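Grab a pencil and work through these exercises with the picture beside you. Try each task before you read its solution.

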Amino acid sequence: MRRRTIGSVLVGPSLLLVAGCYSGATQLRTSALAYLYPKGSPAIPPSDVQLKVPVRVGVAFAPSGATWQDTFTEPQKIALLTRLADAFRGREGFESVQVIPSNYLSAGGSFDDLDRLAAAFGIDLVALVSYDQFQFHDSSRWSLAYLTIVGAYVIEGEENDTRTLMDATIFDIASRSMLFHATGQSRVRAESTPIDASKVNREKREEGFELAMSDLIRNLDSAVAGFQKQAARGTVRGPGTPKIEVRDLETGAARPAAGGAGALAIPELAGAALLALLGLAARRRRGAGPAA
Amino acid sequence: MDARSFPWVCAAVTAACAACSALPDGGVALEYDRAGLCAGSIWRLLTGQMVHWTARMAWIDLSTLLLLGAWVEGRSRRRLVLALALSAALVGAGVHLLLPDIERYRGSSGLGSALFVAGALDLASAGRPRWLRRLALLGLLLLAAKAAAEYWTGTPLFSGPLPAGVEVVPLVHLLGGLGGGLACVVRSRRPSTADQGTGGKCGGA
């Protein structure tokens, strides 16, 4: 009896380990701030912004430091950036939006990197997309069935929880000022067999990015509207932040924001002409004298 | 037309507005700018009504001003000055106090509306012929209806293209019209010797 107890104490945990009852997490992460302000670099104070509309925008992912860890492939990034570029296109004040592949940016390249991009692509603003994706892996109690070998093929005992945060930050390259940003997030859960775990994890990572980008694009409207409202008041993000002046690209004239017009239309002009003519006719009929 | 009856005031005001609108910087220094006004540029309350966003807008506003101004001045120069002064004050105060979301404003439609109301009231109160009176009242009604519809729906009617971020403000038409009406009422109650017999009060002819 005692021997059986000792055996169960030793074998039990071993079985659990063999069956794959473990927890773990993987993280994919990039940061626009880490790209623009790498460690040791001094903070560059933003200057006042002078935008010449319509502006030309480049969209790019902030480069990640450790590329060998990053399973977020370039084609996926380009596809997501294209969606973001489409969301910018057609908006008032945006002339062109270009997708910039990751290999044009170097980790820690800072604003010098952006200056080169501005010259090469002819852009005024850049939308730097950062992401932070955590993927949690857990094995459920069903993973004990993996011991049967067949169970590893049919029992979905692997749990996957993918949480993604994506943020697009728009910078004015010339002034080094951040104009606005929009954030999107997603959470995707899945279960899989250990045989398919790697494939499902990869699919869920992609789905997490897709959903986070969709959320980001939805939030872009309010971010742009908020920026336009602030710009109308003359500053980027309220008192204490850089001043902003919007000028027309062609004429150079200050572009109005929240402007009002006291404008009459053709009907009023026609009415005025009719009124004046009738008044003149009536006056002649009466033979009125000159005004006082 | 002798020199005395020439509408000098109207011509001068229209010419000044045209000159301001034709400034090379687009009248930036003269437009109503809330921030500039708060910084002490008080003249913008008035000069904002002398500059325009587009050439089309300037053309229609100033043509209306010239046509109606010449007519009203022909009837009474004092009434013209009073209508312009009252409407300019009402529009300037209205934009600043009643429209806090408006950061910049340009246009002389308030002045045009004032002269429209003053001219129409003058015709309407003249009494003869009767069809002219009805036509003047109809014109007033249509002007008020258009301004009210634009105000309540927030959609300008028949307005031409304006720069991005600029919207027609119907409230200034109502305020300008009010200024024109007040000018008629004031002149009707306090006729001057010079105006008597020449339409000094609305319908006084």
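**Exercise 1: Taking stock of the two chains**

How many helices and how many strands does the secondary structure of chain B come to? Then do the count for chain A, and look at how much of each chain is buried.

*Solution.* Keep in mind that this is a predicted model.

Step 1. Chain B has eight helices and three strands. Reading from the N terminus, its elements go α-β-α-α-α-α-β-α-α-β-α.

Step 2. In chain A you should find seven helices and nine strands.

Step 3. Now for burial. A residue counts as buried if at least 20 other C-beta atoms lie within 10 Å of its own. By that rule, 33% of the 292 residues in chain A are buried. For chain B, 55% of its 205 residues pass.

Step 4. Finally, take the contacts with a separation of 6 or more. In chain A, residues 24 or more positions apart account for 75% of them, and in chain B the figure is 72%.

**Exercise 2: Following β5 of chain A**

Which way do β1(A) and β5(A) run, parallel or antiparallel? Work out how β5(A) pairs with β3(A) and β6(A) as well.

*Solution.* A reminder to start: strands of a sheet pair through backbone hydrogen bonds, either parallel or antiparallel.

Step 1. Find β5(A) at residues 125-139, and β1(A) at residues 23-30. These two are antiparallel, with eight bridges between them. To see one spot on the ladder, look for T26(A), which sits opposite Q135(A).

Step 2. Next comes β3(A), residues 55-61, which pairs with β5(A) in the parallel sense over five bridges. Two places to check are V57(A), whose bridge partner is L125(A), and F61(A), whose partner is V129(A).

Step 3. Then there's β6(A), residues 158-172, antiparallel to β5(A) over 15 bridges. Here V126(A) has F171(A) as its bridge partner.

Step 4. Go back to β3(A) for a moment. This strand also pairs with β4(A), residues 94-99, in the parallel sense over five bridges, and R56(A) stands opposite S96(A) there. Six of the seven residues of β3(A) are buried, so the strand is largely enclosed by the rest of the structure.

**Exercise 3: The two faces of a helix**

Which residues of α3(A) are buried, and which exposed residues does the face turned away from them carry?

*Solution.*

Step 1. Locate α3(A) at residues 74-88: it has 15 residues. From first C-alpha to last it reaches 21 Å, close to the 21 Å expected at 1.5 Å a residue.

Step 2. Pick out the buried ones: L80(A), L81(A), L84(A), A87(A) and F88(A). Looking down the helix axis, they fall within an arc of 105 degrees, so they line one face of α3(A).

Step 3. Turn to the face away from that buried side, and you'll meet the exposed P75(A) and D86(A).

Step 4. Walk just past the end of α3(A) and you get to G90(A), which has a positive phi of about 85 degrees.

**Exercise 4: Where the chains mix**

What is the strand order in the open sheet of four strands, and which residues of the largest nonpolar core touch the most other members?

*Solution.*

Step 1. The sheet's order is β1(B)-β2(B)-β9(A)-β3(B), and its pairing is mixed. At the edges are β1(B) (32-33) and β3(B) (166-168), each pairing on one side only.

Step 2. Zoom in on β1(B) and β2(B): they're antiparallel, joined by two bridges, with D33(B) opposite R104(B).

Step 3. The largest nonpolar core has 64 residues, and those touching the most other members are L275(A), L68(B), A83(B), L115(B), A118(B) and A120(B). Among the neighbours that L275(A) touches are L68(B), W71(B), F116(B) and A120(B). A second, separate core of 45 residues includes A32(A), F61(A), Y131(A) and I244(A).

**Exercise 5: How far to trust chain B**

Where in chain B does pLDDT stay under 50?

*Solution.*

Step 1. Begin with the mean pLDDT of chain B, which is 81, with 85% of its residues at 70 or more.

Step 2. Compare its elements: β3(B) has the lowest mean, 79, and α5(B) the highest, 92.

Step 3. The stretch you're after is residues 192-201 of chain B. Where pLDDT is low, the predicted coordinates should not be read in detail.

Step 4. For the whole model, note the scores: ipTM 0.75 and pTM 0.52.

Technical notes. Residues are numbered from 1 along each chain as its sequence is written. Chains are lettered from A and ligands numbered from 1 in the order in which they are written. This is a predicted model: local features need pLDDT of at least 70, side-chain atom pairs count only at pLDDT 80 or more; totals for chains, interfaces and linings use all residues. A residue is buried if 20 or more other C-beta atoms lie within 10 Å of its own, exposed if 12 or fewer, and partly exposed in between; C-beta atoms are placed from the backbone. Two residues are in contact if their C-beta atoms, placed from the backbone, lie within 7 Å. Two strands pair if DSSP finds at least two bridges between them. The expected span of a helix is 1.5 Å times one less than its number of residues. The arc is that of the directions from the helix axis to the C-beta atoms. A nonpolar core is a set of buried Ala, Val, Leu, Ile, Met, Phe, Trp, Tyr and Cys residues joined through C-beta atoms within 7 Å. pLDDT is the predictor's confidence in each residue, from 0 to 100. Lists of a residue's contacts leave out its neighbours within four places in sequence.
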